[in-house]
Amino acid sequence: MTAPALTVDDLHVTFRTRKGPARVVNGLSFELHPGRTLAVVGESGSGKSVSSLALLGLLPGTADVRGSAIFDGDELIGRSEEELRKVRGAGVGMVFQDPMTSLNPVLTIERQIGEALRAHEKVSDDGVRARAAELLTEVGIPDAKARLRAYPHQLSGGMRQRVMIAIALAGNPKVLIADEATTALDVTVQAQILELIERLQDEHGMGVVWITHDLGVVAGIADHVVVMYAGRCVEEGAVDELFGRPAHPYTRGLLGALPVVDDPRPARERDELVTMPGLPPDPAALPPGCAFYPRCPVRADARCATSLPPLSPVPGSAAEHRAATFYAGEVTGR
Amino acid sequence: MTRYALRRLAQSVAVLLGVSVLVFAIMQLVPGDPIRAALGQQADPDTYQALRERAGLDDPVPQQFVTWIGNAAIGDFGVSFRTGETVLSLIAERVPATLALAGGAIVVALLIAIPLGTLSALNPRKPVDWFASLSSQAGLSVPDFWLGIMLILVFAGTLGWLPSSGYVALTEDPVEWARHLILPAITAGVSSGAILTRFVRSSVLESLGQDHVRTARAKGMRARDVLTWHVLRNALVPLVTVAGVQLAYLLSGVVVVEYVFAWPGLGQLAFQAVESRDYPVLQGAVLLFAVIFLLVNLVVDLAYARLDPRITYRSAR
């Protein structure tokens, strides 16, 4: 396999708050290869978005970031603002969740794409216009020339997200981070955006990090999945392995909360959706042992309450399928 | 947009009519006899009576009002009881000085507020933020007349750099016009600047937290460009409203500042008119202030649509 485009190793993010330090990301590691799709999955507040913002230095000054993130052979963590600025957009593009608020309401589409083009090289006004129109066409916006003069509120949600993708592509990035990029969209539009990103990924050979809580999306597009809980990876593996033989009680909980669409039984006889009781722990007061212990339905081992289970290979699975649990019980399909 | 402006102008006429009724009514309630005030106590009773009749003061009040508003509608605001000049010419004389002072003051206010408010929003709870909040508190608390006198003492007295008072027409000598304007403009602008500083701070803070600012940074834009085009540009929209209100307030005369600097503005004119019960001048001035407020607000609303493309004005049916 080729060298990874992005290697994150033991990433920690701590916010200084009035209640004391909030440990939002606690030793996250993953590798992303060119042309591959990595899905980072977890509930709200599990540290998914914070990790991606931390890589590019986009967190507020109250955040302390430690660990390592190698992009294209260079370390990102601890780099100066100016050095990181050069990576943003040009090396790593980002698409955010809400395309209404993520675009500036008072600037035209041309201006906002143009900013991304001009951030990394000198371009003439005509050059910007031509390239911006090309990008809009590439992301499937018809009548691109006319759309350039539009303001965000004049476009539909799906169109706006396409514009966001055009902005992210403007710097020709090697890695695209899509942070809940389809969450705010209608289901049909979601499918179009997923398709679009997959097509662009093939054409440009980008590595894509999908940050999402939507397991349906993950199943459709990911090669590799990282499941996050309380700022830690609790399980990772190839998408088929992880969906087929989930090892961590949290992953199994997540999958149990997913409706099975092709269940042949009539609706009333189907299994009830399993909900996970409780809430993720407060990052300012993480429990001493496994962070999932308070909600865990298994609690198989006495060590769970006191020590942190390390991420280790799941017995009987491929080597890259690893889970952070002491639970060694039967791993079965759903 | 044009239809909207026309509709707003029509509304303004209705508001002005209301204001003029109010002004006229208040004038009737004010004790004192304008003709007596103009002529003095020893005046010849015949002259006194003749003047009263000429001014229509013995007519029934509603009739006086109708006469006045009818004349005002065709631009005749009557004649000053005190000087015999037409109200229109008295006001027109004062307008350039008032425009200069108000314009100068709002420039001073914005020059204080935008940098200071932005700096303090960018460094919340840091020394520069404390300094900004302290100085805006001070700017609000210091009385205009005191600040004016201090500035005169330092810059006109001790240093001798600037004239202590008076006004020179722009057409006469632009350099002297500017030199005479500096101290009064600072004096009048400081308190508006203090108000606007707080506003800029909160507006920029809000703007900084917007998602599109994060997008701009994620594009790889330079911090300075992000600040100018995504933070300040968006914070400007609400600032226009507040600055507009401040401008209207400054335009309707900062009486104290005009007094301290012997500045021949509208505030002084109105104040003198109150003192001498010069009804026609006072009514004219108050009506003009109402016009200024309405116009400034209209301009602000139209500017809004320019600054924020999401706002469009359509004539309501």
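The paragraphs below lead through the two domains of chain B and then through one pair of its helices, in a model that is predicted.

The domain assignment divides chain B into domain 1, covering residues 2-87, and domain 2, covering residues 90-307. Between the C-alpha centres of domain 1 of chain B and domain 2 of chain B there is a distance of 32 Å. The two parts nevertheless touch, with 23 residues of domain 1 of chain B in contact with 18 residues of domain 2 of chain B, where contact is taken as C-beta atoms, placed from the backbone, lying within 7 Å.

On the side of domain 1 of chain B that touches domain 2 of chain B, the elements that give two or more residues are helix H1 (2-29) and helix H2 (34-39) of chain B. Of these, H1(B) supplies the largest share of that side, namely 10 residues. Sorted by class, the residues on this side of domain 1 of chain B comprise 14 nonpolar, 5 polar and 4 charged.

The other contact to follow is that of two helices of chain B, H12 (residues 266-275) and H13 (residues 279-307), whose axes lie 8 Å apart and which pack at an angle of about 140 degrees. The crossing of H12(B) with H13(B) is left-handed. From H12(B) the contact draws on Leu266(B), Leu269(B), Ala270(B), Ala273(B) and Val274(B), while H13(B) brings Val281(B), Leu282(B) and Ala285(B). In terms of class, this contact of H12(B) with H13(B) has 8 nonpolar residues, with no polar and no charged ones, whereas the side of domain 1 of chain B that touches domain 2 of chain B includes 5 polar and 4 charged residues.

Methods. Residues numbered from 1 in each chain as written. Chains lettered and ligands numbered in written order. Predicted model: local features only at pLDDT ≥ 70, side-chain atom pairs only at ≥ 80, totals over all residues. Axes fitted to C-alpha atoms, helices over the stretch in contact; angles between N-to-C directions. Helix = DSSP H or I, 4+ residues; strand = E, 2+ residues; numbered from the N terminus. Left-handed = near helix turned anticlockwise from the far one by under 90°. Nonpolar A, V, L, I, M, F, W, Y, C, P; charged D, E, K, R; others polar. Domains from an automatic or database assignment.
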